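Student: Please take a close look at one single position in this model and describe its surroundings. I should then like to see how that description fits into the architecture of the chain as a whole.

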Amino acid sequence: MPDFQTPPAKRRFLQGLARSMSGNAGTTQAARLLEALKHGPITTNECRRFLDVFDPAARVRDLRHKLGRDAIETHWQGSVTEQGVTHKVGLYCLVVKGGPH
């Protein structure tokens, strides 16, 4: 599925997080991202478009520093943009005790 076709329920959830946990500080963005990850994997494009996290890789790095290096996995995948171009993007997954979330 192209990244721009994020399921409507997921899009609404992420946009709601962005509204309820507003702010541009790195710590605020990291907190939003962590809350989103608790509900399932998220791509770099979804972080930018719906969660208002401008630099997801930096926020993931912050969270790994805080939670432990292995707390978040990155899986690389191709993502098709609205212009039909495929880009390599990260799919971030929170690792919970007993296996990935």
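Tutor: The position to examine is Lys88, which lies in strand S3, a strand that runs over residues 86-96. The model is a predicted one, and the description that follows should be read accordingly. How buried or exposed is Lys88? Its relative accessible area is 64%, and because a residue counts as exposed over 50%, Lys88 belongs to the exposed class. Once the neighbours within four places in sequence are set aside, Lys88 is in contact with Trp76 and Gln77. A further reference point is Thr6, which is 82 residues away from Lys88 along the chain, while the C-alpha atoms of the two are separated by 16 Å.

The strand that holds Lys88 is part of a mixed fold. The protein has 4 helices and 4 strands, and along the sequence these follow the pattern α-α-β-α-α-β-β-β. The radius of gyration is 13 Å, close to the 13 Å that the globule rule gives for 101 residues, so the protein is as compact as a globular protein of that length. Along the principal axes, the C-alpha atoms fill a box of roughly 35 × 30 × 20 Å. Contacts between residues 24 or more positions apart make up 50% of those with a separation of 6 or more.

As for the surface, about 6000 Å² of the protein is exposed, and carbon and sulfur atoms supply 53% of that area. Of the 101 residues, 37% count as buried. Several other positions can be set beside Lys88 in this respect. Ser20, in helix H1 (residues 8-20), counts as exposed at 57% relative accessibility. Ser20 and Arg32 are 12 residues apart in sequence, and their C-alpha atoms are 9.1 Å apart in space. Asp70 is found in the loop between H4 and strand S2 (72-80), and with a relative accessibility of 60% Asp70 counts as exposed. From Asp70 to Arg19 the C-alpha to C-alpha distance is 29 Å, with their positions 51 residues apart in sequence. Asp52 occupies the loop between helix H3 (44-50) and H4. The relative accessible area of Asp52 is 45%, and Asp52 is therefore partly exposed. The backbone of Asp52 also deserves a remark, as its phi is positive, about 60°, although Asp52 is not a glycine.

Helix packing completes the picture. Helix H2 (residues 26-37) and helix H4 (residues 56-67) pack at an angle of about 80°, and their axes are 9 Å apart. That angle makes H2 roughly perpendicular to H4. On the H2 side the contact is made by Gly26, Gln29, Ala30, Leu33, Leu34 and Leu37. On the H4 side the participants are Pro56, Arg59, Val60, Leu63 and Leu67. By residue class, the contact of H2 with H4 divides into 8 nonpolar, 2 polar and 1 charged.

To return to the starting point, Lys88 is an exposed residue in strand S3, in contact with Trp76 and Gln77 beyond its neighbours within four places in sequence.

Terms used
Residues are numbered from 1 along each chain as its sequence is written. This is a predicted model: local features need pLDDT of at least 70, side-chain atom pairs count only at pLDDT 80 or more; totals for chains, interfaces and linings use all residues. Side-chain values use heavy atoms; hydrogens and water are left out. Axes are lines fitted to C-alpha atoms, for helices over the stretch in contact, and angles run from 0 to 180 degrees between N-to-C directions. Helices (H or I, at least four residues) and strands (E, at least two) are DSSP runs, numbered from the N terminus. Angles under 35 degrees count as roughly parallel, over 145 as roughly antiparallel, 65 to 115 as roughly perpendicular and the rest as oblique. Contact means heavy atoms within 4.5 Å. Ala, Val, Leu, Ile, Met, Phe, Trp, Tyr, Cys and Pro count as nonpolar, Asp, Glu, Lys and Arg as charged, and the others, Gly among them, as polar. The radius of gyration is taken over C-alpha atoms; the globule rule is 2.2 Å times the number of residues to the power 0.38. Buried means under 20% relative accessible area, exposed over 50%, partly exposed in between (1.4 Å probe, protein chains only). Accessible areas come from the Shrake-Rupley method with a 1.4 Å probe; for residues, only the protein chains shown count as cover.
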